2 protein chains.
Amino acid sequence: AAMAGCGWARAVRGLLLDVSGVLYDSGPDGGVPIAGSVEAVRRIKASGLKLQLCTNETQATRESFVRKLRAMGFDVSVAEVTAPAPAACGLLKERGLRPHLLVHDDLVPEFAEIDKTNPNCVVLGDAAENFTYANLNEAFRLLIGMEKPVLISLGKGRYYKETDGLKLDVGAYMKALEYACDIQAEVVGKPAKRFFESALAELGVPAEQAIMIGDDIVSDVGGAQQCGMRALQVRTGKYRPSDEKHPEVKPDAYVNNLAEAVDIILQQL
Amino acid sequence: AAMAGCGWARAVRGLLLDVSGVLYDSGPDGGVPIAGSVEAVRRIKASGLKLQLCTNETQATRESFVRKLRAMGFDVSVAEVTAPAPAACGLLKERGLRPHLLVHDDLVPEFAEIDKTNPNCVVLGDAAENFTYANLNEAFRLLIGMEKPVLISLGKGRYYKETDGLKLDVGAYMKALEYACDIQAEVVGKPAKRFFESALAELGVPAEQAIMIGDDIVSDVGGAQQCGMRALQVRTGKYRPSDEKHPEVKPDAYVNNLAEAVDIILQQL
């Protein structure tokens, strides 16, 4: 009987998983796995389904991000992570852009091979403690001094939850700079279509055979559906009951957590 | 011949003056008077014209602001200053609001008589060095935790110029919080109509007999014109040549500086 409404789970060959709020709850000391998620990732892999993590995480390199996840017990590798910084590097090279970085210290190594002299754009990530008054003024002055200011934002999240409380996300600071300079940022990361398409390419499965699972109704669910994927919202992480009355986005299903989503999907295989 | 195009200067009984960028250029060490402005204020007073300073300054109490101006040689008094913080206090009392303040330390005494326990709104000013990551997160958490978040912003300027460079103004941080909470701030200060009306009441002159003189094409010129005043833009302070091609706002005249505006106005008396 529980299966009656689960047509969305049929003909799946791969899963895109958001990470923070789905695999674990992040916090200043690293974070804690969400109950059942470690086992759920193991079961996905054992089933033969393909899996790719699709994250807007910009507080660390993929290498250290994966180290953190593995320390929590998740069986994942660097190649299984699609993240905004590498995507931004591709875009910078393509267009000959030299960034000024306003990002988290731990993300800087992702840009090691990018020329950063004499900047002609600003790349904004979730800089956290680096979002100081001085650093924001510096980024602003560089932008307003450009003939055609280019602001590349690694995501446009409004806020996220850490174990010690809610934090403003990169989107809030993006809006501050957009307003001050009267410009529009280019967003790399979810919900940008191009970013989901990269994740699907790395997953190796077409959109109609993939399911996105995330806690963010707009970035994860709305973004994935725009690309032709099915998308589930978990009731963990930043999920709020009011999400279920969202005026524009309706997930293909709600699940209590990743473990429940995997239960249902594996029963359909 | 120079008078041919100066019909705007006729039948004037009072002047509203923006301060930063018109009387002086502000800076971390206080600022420096703009050439001719000290003498221009003296000549306005000697002429019998009424004068009121109409400022979005929120980095200091009116008392210390006036002390700073007097030290630069300007003959002005506290009663001649219309500023956002006192206007916000009126609004807070009227509506029984208890603010959490994210403002400059030196502005706090303006709110001495306001109950700030158990806050049910956030008041945002140009907090400058107080715009830290921690303080912004704190203001955000308070707002997102309210059933109906109320954000009162003391102005919505994009940026301003200090002697050591451009700085993000309160409007940028307002946009960050608006976006994160999905709300609209209530703006106290220019260009709000209610704020100009208070300034006119304190000036004691009806809109059609008053001229606003400012360096901000939108806040000063556009705002004053919306209230039925004539408005001049000075080519000092944050003025940029591109302002003269603004798609929506056209001042009644451009003047090189306050001294030139006063020359023309006094010749019409």
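Buried area is taken here as the accessible area, for a 1.4 Å probe, that two parts lose on being put together, summed over both. In this predicted model, the area buried between chain B and chain A amounts to about 2700 Å², with carbon and sulfur atoms giving 64% of that value. The contact draws 30 residues from chain B and 30 residues from chain A. On the chain B side, Y133(B), L168(B) and Y179(B) lose the most area to chain A, and together they account for 30% of what that side buries.

The arrangement of the two chains was examined by superposition. Chain B can be laid on chain A with an RMSD of 0.0 Å by a turn of 180 degrees, combined with a shift of 0.0 Å along the axis. The two copies are thus related as by a two-fold rotation axis. The same surface serves both copies, in that 100% of the contact residues of chain B recur in chain A.

Within chain B, an open sheet of 6 strands with parallel pairing follows the order β5-β4-β1-β12-β13-β14. Strands β5 (81-82) and β14 (253-255) of chain B stand at the edges with a single partner strand each, so that one side of each is left without a neighbour in the sheet. Strand β4 (residues 50-54) of chain B pairs with β5(B) in the parallel sense over 2 bridges, and V81(B) in β5(B) is the bridge partner of L53(B). Helix α7 (residues 217-226) of chain B lies across β12 (210-214) and β13 (230-234) of chain B, and its direction is at about 165 degrees to β13(B).

As to nonpolar packing, the largest core contains 56 residues, of which L124(A), F140(A), L124(B) and F140(B) touch the most other members. Leaving aside residues up to four places away in sequence, the contacts of L124(B) include F131(B), L151(B), V170(B), Y173(B) and M174(B). A second, separate core of 37 residues includes W8(B), V19(B), I44(B) and A253(B).

Several backbone features lie in loops. The peptide bond from K190(A) to P191(A) is cis, with omega near 5 degrees, and P191(A) is found in the loop between β11 (186-188) and α6 (193-203) of chain A. In chain B, the peptide bond from K190(B) to P191(B) is likewise cis, with omega near 5 degrees. Although not a glycine, N118(A) has a positive phi of about 45 degrees; N118(A) is exposed, with a relative accessible area of 59%. A128(A), also not a glycine, has a positive phi of about 50 degrees, but A128(A) counts as buried at 6% relative accessibility, the threshold for buried being under 20%.

Definitions and conventions. Residues are numbered from 1 along each chain as its sequence is written. Chains are lettered from A and ligands numbered from 1 in the order in which they are written. This is a predicted model: local features need pLDDT of at least 70, side-chain atom pairs count only at pLDDT 80 or more; totals for chains, interfaces and linings use all residues. Side-chain values use heavy atoms; hydrogens and water are left out. Copies are superposed by least squares on the C-alpha atoms of residues with pLDDT of at least 70 in both. Contact means heavy atoms within 4.5 Å. Two strands pair if DSSP finds at least two bridges between them. Helices (H or I, at least four residues) and strands (E, at least two) are DSSP runs, numbered from the N terminus. Axes are lines fitted to C-alpha atoms, for helices over the stretch in contact, and angles run from 0 to 180 degrees between N-to-C directions. A nonpolar core is a set of buried Ala, Val, Leu, Ile, Met, Phe, Trp, Tyr and Cys residues joined through side-chain atoms within 4.5 Å. Buried means under 20% relative accessible area, exposed over 50%, partly exposed in between (1.4 Å probe, protein chains only).
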